[in-house]
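User: Please walk me through this model. I will ask what stands behind each term.

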Amino acid sequence: MSFEQLMQHAADIGNKAFKEGLEELMALKSPSYLAQEQPKLLNRCYAEVPGLFQPFSQIPDPASYDPAIETLKRALAKLSTGQDTRDPISTNGGSYYANPVLDKISGSEAYIESWTGKAAMEFKTNFIDPFPSVARNQFILISALKAALEAEQAMWAAARKDIDQIAENTLKALDCMDDCTSKEWAVTFTAAAAITGILLTIPTLGGSAALAISISTVGAAAWVAAALPPSPPELTISGDETNAVLDSMHTAVNKASEVISETEQRIAKALNNVLDAVHGNRDYFVAPRPALVGAVRQTIMNPEYMGYSD
Amino acid sequence: MGELGDRLDGLRVNVRAPNGEITAELTGRHELRLAFEPGYYGRTSESELQQQLTAVCRLLWVARTREVEAAVSDSGGWTVNPASAQAPAARAYFQGLDAIEAHGASTDGSVEVDAKQGMRTWEVRVSPGTLRRCSEAEFVARAAEAADSVVRDQLDKVRRLRIEVHRPELLDNGA
């Protein structure tokens, strides 16, 4: 089976369940009861079953996240300062060669240090000096965004497998109903655990200034150590009677939805924490606008801008 | 039909009677084909034949059960052990299975089969005069009818049991 055939599997489940369920009703040898129960069985097999699987057939293609992830990788390559060229968050992350263009900012200090103007001195203090940390923090921020996308990608890939497993095991349980003794198939919900290695490594970034300052020096190891994988939840698809099998399938589908929803919330929470950290410590991520930007040819040599050089 | 369903429907098991004179092949759940060693059908008696066929039924049931469990296991599933069933419905189902007595017969009534205790206990009866009346090929056909009939009766009773255990409200309402 494969995810692309999910709705076909749902139709197969409906057909098989209807056949089995009808034979159970016919074994009662009661025409009036058959007439009463058959419409309910029809509805369950041909409306409820496809209806349960239909939303899952629309879940995103994990490959659709690749272009955005690649874009962020290119951003990481531009922001790599050489302090630590490894992706600090994603377990899928690689190393990014330090971008020599960034060194030119620090190198520009020599050009400006002999100038006397206020803006020239502030440019060094506010822009050149913190630049490595700001670039480093942006590097961390982008890697956090990339990790979130990778987490989404991993979650949907696992969710596809999970729902496919539910459909497949339901069909197996229905296939075995005429072989009397009860059989069971386990369904493991892997969507939550799939992101563990990726998402829990996103730092909370911290609200205090001290923690925010240290952001550029915290290595990946500290965040990875926090990533303890939860044991994935498990249910069984089983039942001696058609409705009981469909009930166990229904419970499993609900659990799959619940796991996806909880996992989405975890990703959202991590991203909100990152966003709060950026909003709360804007200076650590964005250098202040240099006052020199306001200078024009006639004013550039004024004391509030560059002043004079020896 | 899924892959497991196809495999179970196509399962083929072969056994040989304890006296070595009869082989039996069961295809799927219903199709029985007997074959006798040359000359055996002409020299056996109804009483010996029913004794040997009773053993053949038991051996076929064991062989098929093993194959089904292997197929289920290969598909990632497992068979629930009756002793470990905890839920009242599961226990009631296993008790109900044990209590089922299925009966089957050939269309002419010459071969009858009873299966009890969830098909663990078998009894085959061949009516007097059958061997004289039926050719070997005719007997093989009668035996196949009786086997098909007992399996269908068992399945019918299991389906009713499923409803009795899991949807008792249907029976309370007079079904």
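User: Among contacts in chain B between residues at least 6 apart in sequence, what share joins residues at least 24 apart?

Analyst: The share is 66%. A contact requires the C-beta atoms of two residues, placed from the backbone, to lie within 7 Å. The model is predicted: local features need pLDDT of at least 70, side-chain atom pairs count only at pLDDT 80 or more, and totals for chains, interfaces and linings use all residues. Residues are numbered from 1 along each chain as its sequence is written, chains are lettered from A, and ligands are numbered from 1 in the order in which they are written.

User: What makes up chain B, in helices and strands?

Analyst: Seven helices and seven strands. These are DSSP runs, numbered from the N terminus: H or I over at least four residues for a helix, E over at least two for a strand. From the N terminus on, the order is α-β-β-β-α-α-β-α-β-β-β-α-α-α. The C-alpha trace of chain B spans about 55 × 40 × 30 Å along its principal axes.

User: Why is Leu235(A) classed as buried or exposed?

Analyst: Leu235(A) is buried, because 20 C-beta neighbours fall inside 10 Å. The class needs 20 or more other C-beta atoms within 10 Å; 12 or fewer means exposed, and values in between mean partly exposed, with C-beta atoms placed from the backbone. Leu235(A) lies in strand β2 (residues 234–238) of chain A. Beyond four places in sequence, Leu235(A) is in contact with Val187(A), Thr251(A), Ala252(A) and Lys255(A). The C-alpha atoms of Leu235(A) and Ala252(A) are separated by 6.6 Å, though the two are 17 residues apart along the chain. In chain B, buried residues make up 33% of the 175 residues.

User: How do you know that β1(B) and β2(B) pair, and over how many bridges?

Analyst: Pairing takes at least two bridges found by DSSP. Strand β1 (residues 12–16) and strand β2 (residues 22–27) of chain B have five, so they qualify; they run antiparallel. Arg12(B) has Thr27(B) as its bridge partner in β2(B). The two strands form a hairpin with five residues between them, and Gly20(B) in the turn has a positive phi of about 75 degrees.

User: Which are the edge strands of the open sheet β5-β6-β7 in chain B, and what makes them so?

Analyst: The three strands pair antiparallel in that order. β5 (101–105) and β7 (121–126) of chain B are the edges: each pairs on one side only. Neighbouring strands are turned by 15 degrees against each other on average, direction ignored. Axes are lines fitted to C-alpha atoms, for helices over the stretch in contact, and angles run from 0 to 180 degrees between N-to-C directions. β5(B) and strand β6 (residues 111–116) of chain B share five bridges, with Glu101(B) opposite Lys116(B). α3(B) packs on the sheet, touching β6 and β7 of chain B, at about 150 degrees to β7(B). α6(B) also packs there, touching β5 and β6 of chain B, at about 150 degrees to β5(B).

User: How many residues does the contact take from chain B and from chain A?

Analyst: 30 from chain B and 24 from chain A. α6(B) gives the most to the chain B side, with nine residues. β4(B) pairs antiparallel with strand β1 (residues 183–188) of chain A over three bridges. There, Glu184(A) stands opposite Trp78(B).

User: What is the pLDDT over residues 204–229 of chain A?

Analyst: Chain A averages 81, with 85% of the residues scoring at least 70. Over residues 204–229 of chain A, pLDDT is below 50. The term is the predictor's confidence in each residue, from 0 to 100. Where pLDDT is low, predicted coordinates should not be read in detail.
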